[in-house]
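Dear colleague,

I am passing the structure on to you below, and after it I set out what was found in it. Please read the notes with the coordinates open beside them.

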Amino acid sequence: MNKREEIEIGKRFLEVYCGILFTAPTFEKGQKVDCFYDFTNSKYDELKSHYHIVQIGGKGGDFQRALRICQWLAAHLSHKGDFSLTSNIEYNSISLLDYAFGNSEHGLNCVCKAKILVECCLALGIAARRIGLYPNSPFDTDNHVVAEIYDRERKKWIMLDATSGGYFTDGKNPLSCLEMRDNFALNAGGSIVLPNQKPNSLDKLNEKNISWNYYYAKNCYYMTVETVSSFGETDAVLAYLLPIDFDIKAYRKKNAEYMLKTAIKECWGEAAINSLEKQARSVEDFVPFVGSTALWSAPKL
């Protein structure tokens, strides 16, 4: 298969995923959520000292500084989709960077990469949070997690992905996850912009990055938003953004069954299987905290 054929197949995948989003354009009304952003944790000084993120972020507005951090992380963190924390790694940016930064044998998953990016941004005084992106099929073992930052100059949220090192654009502005989903639902031709790329020709960019674009489109059916962004682990609930009439409980039950079956079949390991068994047992007690699109309003800082 040549490159042209790969692009054409990618376009068909993208059209299918865009069509799925077109049939579910709006979310449940949900509740208004006041999120919290911690800019004062004492560990931020250690993060800035050890990893020089002030210098890496450089000068400019929130988006420019956060994007430099995002690209720096993408360049120095290897990917390992099935990464799980070991007993000696604490769940915070410093411990994760100490474990994985510049070490090709110590990969991290998208959840951890987004966690690092969020904490680096908070340390620089930039409001940031993690967004979970999920497909509409319960027979899918994959989802994605990215970050969003609030750009005070543009007065809007912007998606940044520490895995790809990119942001999503409609050709004029960098978009939030919600705006990215709307762009896909209309098949409007937006694209991820990867490091060392410029959004000059959106059509060419869309083709060049087609596999990333259809990957994001696949994972934009429903979303979760982190309601507390701080250093380390928190007990805060996730706010769910659910398409109207989408049965998230039935979805999670079927997905848990599928994931466990796949894990056993593919020998994912005892720890992974035990974790999935625990998730499967907890599905019956699951009650989502349903948020609203007001989560993309200006944060209270």
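Two strands are said to pair if DSSP finds at least two bridges between them, and strands (E, at least two residues), like helices (H or I, at least four residues), are DSSP runs numbered from the N terminus. This is a predicted model, in which local features need pLDDT of at least 70 and side-chain atom pairs count only at pLDDT 80 or more, whereas totals for chains, interfaces and linings use all residues. Residues are numbered from 1 along each chain as its sequence is written, and side-chain values use heavy atoms, with hydrogens and water left out.

I begin with the sheet. Six strands form an open sheet of mixed pairing, in the order β4-β3-β2-β7-β9-β10. Its edge strands are β4 and β10 (289-290), each of which pairs on one side only. At the β10 edge, strand β9 (residues 238-241) runs parallel to β10 and is joined to it by two bridges, with Phe289 in β10 as the bridge partner of Ala239.

Towards the other edge, β3 pairs in the antiparallel sense with strand β2 (residues 128-134) over six bridges, and Gly132 has Val145 of β3 as its bridge partner. β3 also pairs in the antiparallel sense with strand β4 (residues 156-160), over five bridges, where Ala147 stands opposite Leu160 of β4. β3 and β4 form a hairpin with four residues between them, and Lys155 in the turn has a positive phi of about 60°.

Why is strand β3 described as largely enclosed by the rest of the structure? Eight of the eight residues of β3 (residues 144-151) are buried, so the strand is largely enclosed; buried means under 20% relative accessible area, exposed over 50%, and partly exposed in between (1.4 Å probe, protein chains only). His144, Val146, Glu148 and Tyr150 point one way from β3, while Val145, Ala147, Ile149 and Asp151 point the other way.

His144 is also among the residues that Thr163 touches, together with Ala74, His79, Cys110, Lys113 and Trp212, not counting residues up to four places away in sequence; contact here means heavy atoms within 4.5 Å. Thr163 is placed in the loop between β4 and β5 (167-169), and it is buried, with a relative accessible area of 18%.

Among the helices, α5 (residues 93-100) is mostly covered, with six of its eight residues buried, namely Ser93, Ile94, Ser95, Leu96, Leu97 and Ala100. What covers these buried residues includes α2 (43-51), α4 (62-76) and α6 (110-123). At the start of α5, a side-chain oxygen of Asn92 reaches to within 3.1 Å of the backbone nitrogen of Ile94, and the helix is followed by Gly102, whose phi is positive, near 70°.

Lys218 lies in helix α9 (residues 210-218) and, at 16% relative accessibility, counts as buried. Its side chain makes a polar contact with the side chain of Asp142 (3.3 Å), a polar contact being a pair of N or O atoms within 3.5 Å; within protein, one must be able to donate a hydrogen and the other to accept it, and residues adjacent in sequence count only if both atoms are side-chain atoms. Leaving aside neighbours within four places in sequence, Lys218 is in contact with Tyr17, Tyr134, Pro135, Asn136, Asp140 and Asp142.

In contrast to these buried positions, Met1, in the segment before α1 (3-22), is exposed, with a relative accessible area of 68%.

With best regards
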